[in-house]
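Subject: Handing over a structure

Hi there,

Here is the structure I promised to pass on to you. Have a look at it first, and then read on for what turned up in it.

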Amino acid sequence: MNDMTSTNPAYVINPAAIPTLPVAGSQALFPVHRIYCVGRNFADHAIEMGHDPNKEPPFFFQKNPDTLVLSGTDFPYPAQSKDVHHEVELVVALKSGGKDIPLDKALDCVYGYAVGLDMTRRDLQNEAKKLGRPWETGKAFEASAPCGPLHPVSKVGHPSAGAIWIKVNGEVRQTGDLNQMIWKVPEMISYLSGLFTLQPGDLIFAGTPAGVGAIVKGDVMVAHVDGVDELTFKVG
């Protein structure tokens, strides 16, 4: 007879590994709990997607933690799409969380920052938009969140200005400045904590500038955020 009071659970299947990001300059790993992405957080990107940036409160969607692709690994071109787009973003990693976090306490929750890509099956996302359906098929597919190592606040501070760009095969596609974000990092954290109880290990992809565009197999993407990092992903 099984002892159901045992303190060691007997899983019926092997549990999945905890998704992690490396911490730059160390052997430490950052365990990832959830991935939140803020939509249309740069005015020029909101305009290119057909929206008025002056009338929208921030909105968020999620990617699964196991969609992360670590630096040094190819981004595999996904199935069921012929129009996959790059979106370069600053990534915010939380060391603490809570609900209804005051604006002046929000940055206290931040462990560090990274450079990430919100890869998007744009054709599937556009179809979902037309039908009034959720975006998961366009946004939360496998390997849709390439991300570089985390850089602790103690090393890089809290980046609030500086260039953010992506080159594809050496050609600049997206370029902007962190100071162009409509909702700044403290505002994102505070607002988001009113919708969800934020947890240590949560990541926030903080939005992308204008210039999103399609990639194809064989392309090389180089993503950069001033004062944080620069990383390269080949499209496999």
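Before the strands, one term: two strands are said to pair if DSSP finds at least two bridges between them. With that in hand, strand β6 (residues 84–86) and β9 are joined by two bridges and run antiparallel. Please keep in mind throughout that this is a predicted model.

**The sheets**

β6 belongs to an open sheet of three strands, ordered β9-β6-β15, with antiparallel pairing. Its edge strands are β9 (120–121) and β15 (213–215), each of which pairs on one side only. If you want a residue pair to look at, V84 has R121 in β9 as its bridge partner.

There is also an open sheet of four strands, in the order β13-β12-β16-β17, and the pairing there is antiparallel. Here β13 (171–177) and β17 are the edge strands, pairing on one side only. From one strand to the next, the twist averages 10°. Between β16 and β17 there are six bridges in the antiparallel sense, and V225 stands opposite D229 in β17.

E171 is located in strand β13. Is E171 buried or exposed? Neither quite fits: E171 is partly exposed, because its relative accessible area is 49% and the partly exposed class covers what lies between under 20% for buried and over 50% for exposed. E171 and S71 are 100 residues apart along the chain, and their C-alpha atoms are separated by 20 Å.

**Around β3, β7 and β14**

This part is worth some time in the viewer. In general, strands of a sheet pair through backbone hydrogen bonds, in either a parallel or an antiparallel sense. β3 offers both kinds: four bridges join β3 to β4 in an antiparallel run, while three bridges join β3 to strand β14 (residues 203–205) in a parallel one. For the first pairing, C37 stands opposite F61 in β4; for the second, Y36 stands opposite I204 in β14.

β14 pairs with β7 as well, over three bridges and in the antiparallel sense. There, A93 has L203 in β14 as its bridge partner. β7 also pairs with β8, antiparallel and over seven bridges, with L94 opposite V110 in β8.

Which way do the side chains of these strands point? As a rule, side chains in a regular strand alternate between the two faces of the sheet. In β3, I35 and C37 point one way and Y36 and V38 the other, and all are buried. In β7, V88, L90, V92 and L94 lie on one side and E89, V91 and A93 on the other, all of them buried. That makes seven of seven residues buried in β7.

**The nonpolar cores**

The largest nonpolar core holds 42 residues, and I189, I215 and M221 have the most contacts inside it. Among the elements that each supply at least two residues of this core are β3 (35–38), β7 (88–94), β8 (110–117) and α5 (185–192). What does I215 touch, leaving aside residues up to four places away in sequence? Its contacts are F75, Y77, V84, H86, M119, V168, M221 and V235. A second, separate core has 17 residues, including L68, A114, W135 and A145.

**Aromatic rings and charges**

How many aromatic pairs are there? The count comes to six. One of them is F61 with W135, a tilted pair at 5.6 Å centre to centre and 50° between the planes. This pair links distant parts of the chain, 74 residues apart: F61 is in strand β4 (residues 60–63), and W135 is in the loop between α2 (122–131) and α3 (136–139). F61 and W135 are both buried, and together with F59 they form one aromatic cluster.

Finally, two lysines that you may like to check against rings. K63 has its charged end over the ring of F141, 6.0 Å from the centre of that ring. K167 lies over the face of W165, with 4.9 Å to the ring centre.

Happy exploring, and do write back with any questions.

Best wishes

Conventions
Residues are numbered from 1 along each chain as its sequence is written. This is a predicted model: local features need pLDDT of at least 70, side-chain atom pairs count only at pLDDT 80 or more; totals for chains, interfaces and linings use all residues. Side-chain values use heavy atoms; hydrogens and water are left out. Rings of Phe, Tyr and Trp (its six-membered ring) pair if their centres lie within 6.5 Å; planes under 30 degrees apart count as stacked, over 60 as edge-to-face and the rest as tilted. Buried means under 20% relative accessible area, exposed over 50%, partly exposed in between (1.4 Å probe, protein chains only). A charge sits over a ring if NZ of Lys or CZ of Arg is within 6 Å of the ring centre and within 35 degrees of the ring normal. A nonpolar core is a set of buried Ala, Val, Leu, Ile, Met, Phe, Trp, Tyr and Cys residues joined through side-chain atoms within 4.5 Å. Contact means heavy atoms within 4.5 Å. Axes are lines fitted to C-alpha atoms, for helices over the stretch in contact, and angles run from 0 to 180 degrees between N-to-C directions.
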